[in-house]
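User: Hi! I am new to this structure and would like to learn how to read its features one at a time. Could you walk me through it?

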Amino acid sequence: GTPRTATALGAFVLHHLFGRHRELRVLSLENGSRWVPELLRAMDNAVKYAVNSKGELSGRWLGGKIHARPSEIFREHVFVAPFWEESVAGLAGTIGVSRVLFGSDWPHPEGVPQPLDFLAECDGLDAPALRRVMRANAAELLGLPE
């Protein structure tokens, strides 16, 4: 479920996976997005306690020390598909519209019967942002033309 997703993605960030594999991108699908803001806050907060008096990360870090705020690393490498009833605009504000993916897995509860019904849940996004969420982000990930 979602807590395991957050734990795994937090470990990816804090264990420097993305620093060691800079081109790696991870997609979180069928997990919703309610957990994202809390994970970003928790990771950034945890790192505060690992900074020494010189402002440097101290201690032993699996995979090496990270070189940016955990939330920034997450925003660079992780894409999230929210459940249809969650705030798509809120997620876009949290991780950036270029990291939000449309997903439909109907008849499972995280999908909608008609994919375009998802648009009704995208209040607050302008036309370019809608295009990114509904198609362009996934197309870029897959190497397809927009």
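Analyst: Happy to! Let's begin with one polar contact: a polar atom in the side chain of Glu86 lies 3.0 Å from the backbone nitrogen of Phe83. Please keep in mind that this is a predicted model.

User: Where is Glu86 found?

Analyst: Look in the loop between β2 and α5, where Glu86 is found.

User: Is Glu86 buried or exposed?

Analyst: The idea is to compare the relative accessible area with a cut-off: buried means under 20%. Glu86 has a relative accessible area of 6%, so this residue counts as buried.

User: Which residues does Glu86 touch, leaving out those up to four places away in sequence?

Analyst: With those sequence neighbours set aside, Glu86 touches Gly32, Ser33, Arg34 and Glu121.

User: How many salt bridges does the structure hold?

Analyst: There are four salt bridges in the structure. To recognise one, check for a side-chain nitrogen of Lys or Arg within 4 Å of a carboxyl oxygen of Asp or Glu. Glu86 gives us a case: its side chain meets that of Arg34 in a salt bridge, at 3.6 Å from N to O.

User: Why does the pair of Glu86 and Arg34 tie together parts that are apart in sequence?

Analyst: Find each partner along the chain. Glu86 lies in the loop between β2 (78-80) and α5 (88-95), while Arg34 lies in the loop between β1 (26-28) and α3 (36-48), so the pair ties together parts that are 52 residues apart in sequence. The two partners also sit in contrasting surroundings: Glu86 is buried, whereas Arg34 is exposed, with a relative accessible area of 60%.

User: Which residue forms a salt bridge with Asp44?

Analyst: That partner is Arg69, and the closest N and O atoms of the two are 2.6 Å apart. This pair, too, links distant parts of the chain: Arg69 is in the loop between α3 and α4 (70-77), and Asp44 is in helix α3, 25 residues apart. Asp44 is buried, with a relative accessible area of 14%, and Arg69 is partly exposed at 47%.

User: What about Glu140 and Arg132: how do their side chains meet?

Analyst: They meet in a salt bridge, with 3.1 Å from N to O. For accessibility, Glu140 counts as partly exposed at 43%, and Arg132 is partly exposed at 21%.

User: How should I read an aromatic pair?

Analyst: A pair of aromatic rings is described by two things, the distance of the centres and the angle of the planes. This structure holds three aromatic pairs. One of them is formed by Trp35 and Phe74, with 6.4 Å centre to centre and 80° between the planes. Planes over 60 degrees apart count as edge-to-face, and the pair of Trp35 and Phe74 is edge-to-face.

User: Where do Trp35 and Phe74 lie in the chain?

Analyst: Trp35 is in the loop between β1 and α3, and Phe74 is in helix α4, 39 residues apart, so to speak of this pair is to speak of a link between distant parts of the chain. Trp35 is buried, with a relative accessible area of 9%, and Phe74 is buried as well, at 0%.

User: For a last example, where does Gly124 lie, and is it buried or exposed?

Analyst: Gly124 lies in the loop between α5 and α6 (127-142). Its relative accessibility is 73%, so Gly124 counts as exposed. You can also compare positions in space: the C-alpha atoms of Gly124 and Gly90 are separated by 8.6 Å, and these residues are 34 apart along the chain.

Terms used: Residues numbered from 1 in each chain as written. Predicted model: local features only at pLDDT ≥ 70, side-chain atom pairs only at ≥ 80, totals over all residues. Heavy atoms only, no water. Helix = DSSP H or I, 4+ residues; strand = E, 2+ residues; numbered from the N terminus. Buried < 20%, exposed > 50% of the residue type's maximum accessible area, 1.4 Å probe, protein only. Polar contact = N/O pair within 3.5 Å; in protein donor to acceptor, adjacent residues only side chain to side chain. Contact = heavy atoms within 4.5 Å. Phe/Tyr/Trp six-rings, centres within 6.5 Å; stacked < 30°, edge-to-face > 60°.
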